[in-house]
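Trainee: Could you take me through the salt bridges here, up close? I'd like to hear which residues pair up and how open to solvent they are.

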Amino acid sequence: MGIVAGLDSSSEYTRIVVCDADTGAVLRQGYAQHPVEPKATEVDPQSWLLSLGEAAGSGLLEGVEAIGVSAQPHGMIPLDAQGGLVRPALVGNDRRAQVAAADLVDALGGRQAWAEAVGSVPGAAQPVAKLRWLARSEPEAAQQVAAVLQPHDWLVWQLLGRPARRTTDRGAASATGYWSTATGTYRPDLVEIALGHRCALPEVLGPAEAAGTTPEGLLISAGTGETMAAAFGLGVGVGDAVVSLGASGSVMAVHHEALADPSGMITSFADATGMHLPVVHTLNAVRALRGTAEMLGAGELAELSALALASTPGASGLVLLPYLEGERTPMLPHTAGTLSGLRRESMKPEHLARAAFEGMLCSLADALDVLRGRGVSVGRVFLLGAAAELPAVQAIAPSVFGAQVVVPQPADYAALGAARQAAWALGAARGTHSPAAPPRWQGAAAQVFEAGEEAAVGSAVRQQYAATREQVHPGAFPPVS
């Protein structure tokens, strides 16, 4: 059918993949860092265009017929009535809106009211909380705001030459805090509560719709948020969950309906295909491994992994609740980690190493159970992040998760998801592909691990962990069945 491109504008860089539209085979790739501080909380969006131009240099996009855009989530770009920037964009890692988020929860009548309204409870990262912060901290700037975009919306708008029509997609809209995943509509009243007045919001496109065509004839698809693009690039579907192992962790799964969760543990996103993508976050994942490695004097996580495999399942009764930075799942923001089961025979480095891996994975399994408890089917778990390559993770995860574990080969999955969306929009526009289903691209190359005979062992490890958690934090979760 042709050649398409997908670009991922993350918080630090732009990655571009150029793919065969029929197969998804990667033909060319480009990369460039954003010319901003990596931890900047305020960013001139022009920096994203500069790195995009650098990444697309040397004829990278020659022959490309359509482009899809993925970008960092939760950025807020306020525009005035002429489409000019009111102030620098506030990006996802800006935590100044924490008090504003709490104010919004109270303003609508509590957590349950927000969960029912839009599928999530406001947090500091969401644009709705950033608007509230702007109205309280910079009221003169807030009064000038006539429209609000997120990073992917803004990039699509720029690629199309800043037309009068501004667009987004379901996935990105679901991360705003003022778009309902259940009804598929905006809640402009929530924007008014946050900002003090209503403003223009981008049109929400369907998964296979195009945002427009450049003067040169290049089709630009709807685009989406980075999380949704990565799921689409991986090719996950109903029955699949994705567990991301960073310093913190997340568990997301494809589901047929939006989930309202007044506890705030589930954030109900929409995905890039017309389905839903409920996500549960943990504050502690690989940071628990790194902390344990430092305590034991293990230089690298690979060394900690080897040490853990010298122990046995259950770590000789040693249990680590890895809530080192407080925890979000369960909701224990002011707690600390707990090391339990210390006996003379368990006080060995290999047992502590094993307890760290089991604690991290059991905590993520708890998050997975939050989704399962709401009817989300999980038969296969994709593990992402560098820690997924550790032998101890691969040995322990299948039995602890109670599912087949897939460790995909490292790749630019968000950019691949954006490219796949571009191929879908291109085919739909030409009438060569159905708008009802995305193109079938070859799945990610991966290692597959089964629980096998270790399933009962994993269940026992979970029970030991749950018993300790219930003793230290009674009622944090219902008992694991």
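Mentor: Let's fix one term before we start: buried means under 20% relative accessible area, exposed means over 50%, and partly exposed is in between (1.4 Å probe, protein chains only). Keep in mind that this is a predicted model, where local features need pLDDT of at least 70, side-chain atom pairs count only at pLDDT 80 or more, and totals for chains, interfaces and linings use all residues. Residues are numbered from 1 along each chain as its sequence is written, and side-chain values use heavy atoms, with hydrogens and water left out.

Now, Asp240 is buried, at 6% relative accessibility. Its side chain meets that of Arg380 in a salt bridge (a side-chain nitrogen of Lys or Arg within 4 Å of a carboxyl oxygen of Asp or Glu), with 2.9 Å from N to O. Asp240 sits in strand E16 and Arg380 in strand E22, so the bridge ties together parts 140 residues apart in sequence; strands (E, at least two residues) and helices (H or I, at least four) are DSSP runs numbered from the N terminus. Arg380 itself is partly exposed, at 29%.

The structure holds 16 salt bridges. Another one joins Arg96 and Glu42, at 2.8 Å from N to O. Arg96 lies in the loop between strand E7 and helix H2, and Glu42 in strand E4, so this pair connects parts 54 residues apart in sequence. Arg96 is partly exposed at 37%, and Glu42 is partly exposed at 32%. Both belong to a salt-bridge network with Arg87, Asp94 and Glu138.
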